[in-house]
Structures are given as structure tokens and as C-alpha cells.
Amino acid sequence: MPVGLHTEGGAPAASFGAGLEVERLTVRFGGLLALDGVSLAVAPHEVVGLIGPNGAGKTTLFNAISGFVRATRGWIRWNGRLLQNHHAHDLGRLGIARTLQGVGLCQGLTAIENVACGAQPSLHADLGSALGGLWRSSREERRVAGEAAALLGQLGVGDWAHRLPGSLPYGVQKRVALARALISHPRLLLLDEPASGLSADDMDDLSSRIQDLREHMSVLLVEHRMDFVMAACDRIVVFNFGEVVATGTPEEIQASPEVTEAYLGDAVGATPTGVGKGRVDAAR
Ligand SMILES: Nc1ncnc2c1ncn2[C@@H]1O[C@H](COP(=O)(O)OP(=O)(O)OP(=O)(O)O)[C@@H](O)[C@H]1O
Ligand SMILES: [Mg+2]
């Protein structure tokens, strides 16, 4: 039996595919059912968007995939392997990286140091010396620093590398956070509201970068900016009250009157108004 994941509802299917597979995942916070039997998949090189009102359970799914919260039922498989009892510090080894809702940079570190922090766990033993001012004291640290600088340059924010996050424009901070995720060379990238607070130009740029990234990885992203989701994603999964209520291509999701009314408002590009804050289900 998978440790930390209960087998209620039957054993996991024997067929192990590639990519991310979530099956009947349930997460409960006391009496609150944050995820209720969620099933979805992200294929290799696919960009999947997760949308839904505030409190629908989108970040909770990311937290379950990342090992921050434990499921009470169901399974998560990544490249055929059950993720069970894993922790955030296992993600680099698993080839998974995420950005946090908001920005989540360490305010006491420069942009480039923040990016270096996202490097593989094997490097963390050297980070103490890096933070203590011996930044270039080892070949490995130089390699990480060089890669961090290159990533910031590729994302168009190389000029800000030695600035503290608090002094950077919001769009630059978001790119630094993306670079911190990318430096671990993930094969699954989880982006929680990557376009929030971005200008239209920055959003277009991010959308095309994500299209480039899919050559190397799968992407699962949560976003309220519908124009961005429609442009960036191959497929969209709609959450409401912790359940998947629709799945389809951007065209299919836009054409669904039910989904349009509930989530998109009258016009694509609107931020969903939200229809609830999760379901409180004390009986279950
Ligand atoms: N650690 C926690 N402990 C208790 N309740 C939680 C916890 N994390 C999330 N919740 C609750 O679970 C529900 C789902 O929250 P979640 O953050 O996953 O929503 P979301 O879809 O990401 O919303 P938003 O679009 O506002 O970010 C909410 O009711 C939230 O208050
Ligand atoms: Mg969220």
C-alpha cells in the first residue's frame, strides 16, 4: 500500500504511462474537502491549464504533487512512478519544479542567488559558503552561478541579476522566480499564476516562452488570466469546488456555455468572479 496514500477506492491501475497522472485524488483539511476525487493527466511536452474560481483547489493540487500536503485518497504518478510520502526537497531529483502563487523569492538574496537556490539538492551543501561570501569558491558554484546568469539573460532580466527582489519591478521578479524553477532542468514544470500582475506585453512574452519550454518538459499551470490560458495551453482543465467539471481544448472550453458562464464571464480576458470558496463538507 502506498505510504501516505490510502488505497480506498481500489488499487492503482497497472498501466504506467509517461507524464503526470492524477487519479481520484482527494485532499481534506479537517471538514473542508479541498480536492474531491480529481483525475487529470499531463502528457510529455503538453501544456495544460488549470482554471477555476478562488478556492476551487488549484493550488492544493500543486501542493499535493509537490509533497506539501498529503492526499487522503487517490494517486499521483509521475512518469509511471507513484509519488508517495515525498517531500518538497525530493522534487529536484524527481525532475519537478514549481513556482509559487505570488513570487516567493527570498528577499535577503539577490536575483542570481535566488536562482542558484533552485539548483539540484546536491549543490546545497555548497550554498552556505556561497551565501557567506565565498560565492566563487568552487567549480560547482561557478557552474551554478554561470547557469543562473545565463537563465536570467535568456529571460531578459540579466541586468537585474545582482539586485535584491524588493527593488525589482514585479514582472522581473516573476521571471527570476521562473529562472529559479528552470535551473533544476525539470521535466514537469508547475506554474501557479505565472501571469498574475504582468503587463500585456510581459504576458505575451511568457506565453511564447512556455511554448518554447514544452520542447523540453510538460507544463501544468494555474491561471486566472483567461486570455493567457487560451493562448498558452494545449488543453484546459476546469475545477470547481475541488472537482474537475470540464476538460478540453481552449476552443472547446470557450465554446462550452456552462463553463463560459461560470468561469469566464461575458468576455474572454475577464478574471473569473469566483463562485465559492471550496466546499465545507463536515459529513465526509
Ligand atoms: N493548508 C490548508 N489548510 C486548510 N485549508 C486550506 C489549506 N490550503 C488550502 N485550504 C483551503 O482549501 C480550499 C482550496 O484552496 P486553494 O488554495 O487550493 O484554492 P485555489 O483554487 O488555488 O484558489 P485561488 O485561485 O484563490 O488561489 C480553500 O477553501 C482554502 O481555504
Ligand atoms: Mg491558488
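Tutor: Start with a definition: helices (H or I, at least four residues) and strands (E, at least two) are DSSP runs, numbered from the N terminus. This is a predicted model, in which local features need pLDDT of at least 70 and side-chain atom pairs count only at pLDDT 80 or more, while totals for chains, interfaces and linings use all residues. Residues are numbered from 1 along each chain as its sequence is written, chains are lettered from A, and ligands are numbered from 1 in the order in which they are written.

Student: How many helices and strands make up the secondary structure of the protein?

Tutor: Both kinds of element are present. The count is 10 helices and 11 strands.

Student: What percentage of the residues of the protein count as buried?

Tutor: A residue is buried if 20 or more other C-beta atoms, placed from the backbone, lie within 10 Å of its own; it is exposed if 12 or fewer do, and partly exposed in between. The protein has 284 residues. The buried share is 42%.

Student: Which residues of the largest nonpolar core touch the most other members?

Tutor: A nonpolar core is a set of buried Ala, Val, Leu, Ile, Met, Phe, Trp, Tyr and Cys residues joined through C-beta atoms within 7 Å. The largest one here has 73 residues. Those touching the most other members are Leu50, Val115, Ala148, Leu152, Val176 and Ala179.

Student: Which helix gives this core its largest share?

Tutor: The largest share is seven residues. They come from residues 170-182, helix α6.

Student: Leaving aside neighbours within four places in sequence, what is Ala179 in contact with?

Tutor: Two residues are in contact if their C-beta atoms, placed from the backbone, lie within 7 Å. Ala179 is itself one of the buried residues of α6. Its partners are Val115, Ala148, Leu151, Leu152 and Leu155.

Student: How many residues of α6 are buried?

Tutor: Among them are Val172, Gln173, Lys174 and Arg175. What covers the buried residues includes β6, α3, α5 and β7. The helix is largely enclosed by the rest of the structure, because the buried count is 11 of the 13 residues.

Student: Where do the buried residues of α5 sit around the axis?

Tutor: In α5 (residues 139-154), the residues Val144, Ala148, Leu151 and Leu152 are buried. They cover an arc of only 100° around the axis (the arc of the directions from the helix axis to the C-beta atoms), so they lie on the same side of α5.

Student: Which exposed residues does the face of α5 turned away from its buried side carry?

Tutor: The buried side is covered by elements including α3 (111-117) and α6. The face turned away carries Arg139, Arg142, Arg143 and Gly146.

Student: What is the order of the strands in the open sheet?

Tutor: Two strands pair if DSSP finds at least two bridges between them. Six strands form this sheet, with mixed pairing. The order is β6-β7-β8-β3-β9-β10.

Student: Why is one side of β6 and of β10 left without a neighbour in the sheet?

Tutor: β6 (96-99) and β10 (243-248) stand at the edges. One side of each lacks a neighbour because each has a single partner strand.

Student: What direction does helix α1 make with that of β7?

Tutor: Helix α1 (residues 58-66) packs on the sheet and touches β3, β6, β7, β8 and β9. Axes are lines fitted to C-alpha atoms, for helices over the stretch in contact, and angles run from 0 to 180 degrees between N-to-C directions. The angle with β7 is about 145°.

Student: In what sense do β6 and β7 pair?

Tutor: Ala97 stands opposite Leu189 in β7, and Thr99 stands opposite Leu191. Four bridges join the two strands, and the sense is parallel.

Student: Which residue in the turn between β1 and β2 has a positive phi?

Tutor: Seven bridges join β1 (residues 20-29) to β2, and these strands run antiparallel. They form a hairpin with two residues between them. The residue with a positive phi, about 60°, is Gly30.

Student: Is Asn85 buried or exposed?

Tutor: Asn85 lies in the loop between β5 (81-82) and α2 (91-94). Phi of Asn85 is near 60°, a positive value in a residue other than glycine. With 12 other C-beta atoms within 10 Å, Asn85 is exposed.

Definitions and conventions
Arc of directions from axis to C-beta.
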